[in-house]
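Visitor: Before we examine this model, I should like to understand the grounds for the terms applied to it. Could you take me through them?

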Amino acid sequence: MPSIKLPKNEMDSGVSTPEKQDKENLVGINNKRLGVCGWILFSLSFLLMIITFPISIWMCLKVVKEYERAVVFRLGRIQADKAKGPGLILILPCIDVFVKVDLRTVTCNIPPQEILTRDSVTTQVDGVVYYRIYSAVSAVANVNDVHQATFLLAQTTLRNVLGTQTLSQILAGREEIAHSIQTLLDDATELWGIRVARVEIKDVRIPQQLQRSMAAEAEATREARAKVLAAEGEMNASKSLKSASMVLAESPVALQLRYLQTLTTVAAEKNSTIVFPLPMNILEGIGGISYDNHKKLSNRA
């Protein structure tokens with residue numbers, strides 16, 4: 001069955017792979033040949049290494065650790081699209097220069113930044129950024145100092161994001177703010193070969209006067225809530241007492257039983273104290289008799 005050959009432009013019109021995108025974004029990669037002078041210098045360097053063998057082998061062989069990658073420049077051009085390593089790499093004398101890049105996660109402490117929030121409150125906020133280099137070639141070729149650039153960009157992004165938030169939003173929504181900062185940093189450092197793993201806001205410092213005002217406001221809110229709860233409790237208790245009084249009014253014997261129960265409780269707590277309740281009608285009758293006797297004595301006199 002004859003094979004169908006697609007045109008070159010149709011074959012390249014598919015979805016671009018990440019390797020192609022990284023290759024397009026890199027600076028300094030040139031796939032052109034070395035040229036006549038380059039090949040002459042390459043031959044001389046290789047010949048020098050052979051002549052000085054085995055002494056030159058100790059200078060040309062370099063060890064790259066597991067967490068490192070080496071970006072090799074040959075006559076000022078990056079030798080390959082990918083960094084070399086880990087293991088042994090060969091460096092030709094006089095024409096090759098290599099740069100080692102650490103791929104481990106880096107911790108970047110953001111110093112306290114003085115920020116004016118959207119509600120005109122001055123605060124100091126510090127944080128920490130965790131990032132790592134995933135493309136050694138981009139980190140070397142696209143930026144002068146990748147760590148310093150990431151550090152300064154993290155400070156600026158922190159100030160810009162927190163400047164659009166109110167103080168209450170900063171205190172209550174730290175996770176959402178940290179996630180938005182991480183997204184902005186990750187997008188901005190993609191061309192540098194940086195992948196931001198995590199962003200955390202460590203501390204939010206506010207002035208002492210504002211702290212006292214917030215404490216007073218919170219205390220007043222708690223006191224108001226306590227008074228409302230106490231009033232609701234009094235209302236519920238009064239409703240319960242009303243219901244109990246209606247039940248006791250229906251049965252006089254229940255009142256006597258309640259009286260005996262109260263005497264038992266008082267006698268158990270304080271044995272020297274006994275309370276005898278007297279009905280109000282008895283007291284009124286005693287008061288009326290004493291008043292009539294006093295009136296009769298005054299009339300006789």
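Guide: Contact here means heavy atoms within 4.5 Å. By that criterion, in this predicted model, and leaving aside neighbours within four places in sequence, Gln113 is in contact with Thr123, Gln124, Val125, Gln155, Leu158 and Arg159. Gln113 itself belongs to strand S6, residues 106-116.

Visitor: Why is Gln113 called buried?

Guide: The term applies under 20% relative accessible area. Gln113 has a value of 7%, therefore Gln113 is classed as buried.

Visitor: What makes the approach of the Gln113 side chain to the backbone oxygen of Pro111 a polar contact?

Guide: The limit for such a pair of N or O atoms is 3.5 Å. The Gln113 side chain reaches the Pro111 backbone oxygen at 3.0 Å, so the distance is within that limit.

Visitor: How do you know that strand S2 and S3 pair?

Guide: Pairing requires at least two bridges found by DSSP. Strand S2, residues 68-74, and S3 are joined over two bridges in the antiparallel sense, so the requirement is met. Within this pairing, Phe73 stands opposite Ile78 in S3.

Visitor: What makes S3 and S5 edge strands?

Guide: The open sheet has three strands in the order S3-S2-S5, with antiparallel pairing. Strand S3 (77-78) and strand S5 (96-102) each pair on one side only.

Visitor: Which residues does UniProt list as "transmembrane region", and what is the chain like there?

Guide: An unreviewed UniProt entry lists residues 39-61. Over that range the chain is 83% helix and 4% strand, and the end C-alpha atoms are 21 Å apart.

Definitions and conventions:
Residues are numbered from 1 along each chain as its sequence is written. This is a predicted model: local features need pLDDT of at least 70, side-chain atom pairs count only at pLDDT 80 or more; totals for chains, interfaces and linings use all residues. Side-chain values use heavy atoms; hydrogens and water are left out. UniProt positions are given in the numbering used here, feature names are shortened, and annotations may be inferred rather than shown by experiment. Buried means under 20% relative accessible area, exposed over 50%, partly exposed in between (1.4 Å probe, protein chains only). A polar contact is a pair of N or O atoms within 3.5 Å; within protein, one must be able to donate a hydrogen and the other to accept it, and residues adjacent in sequence count only if both atoms are side-chain atoms.
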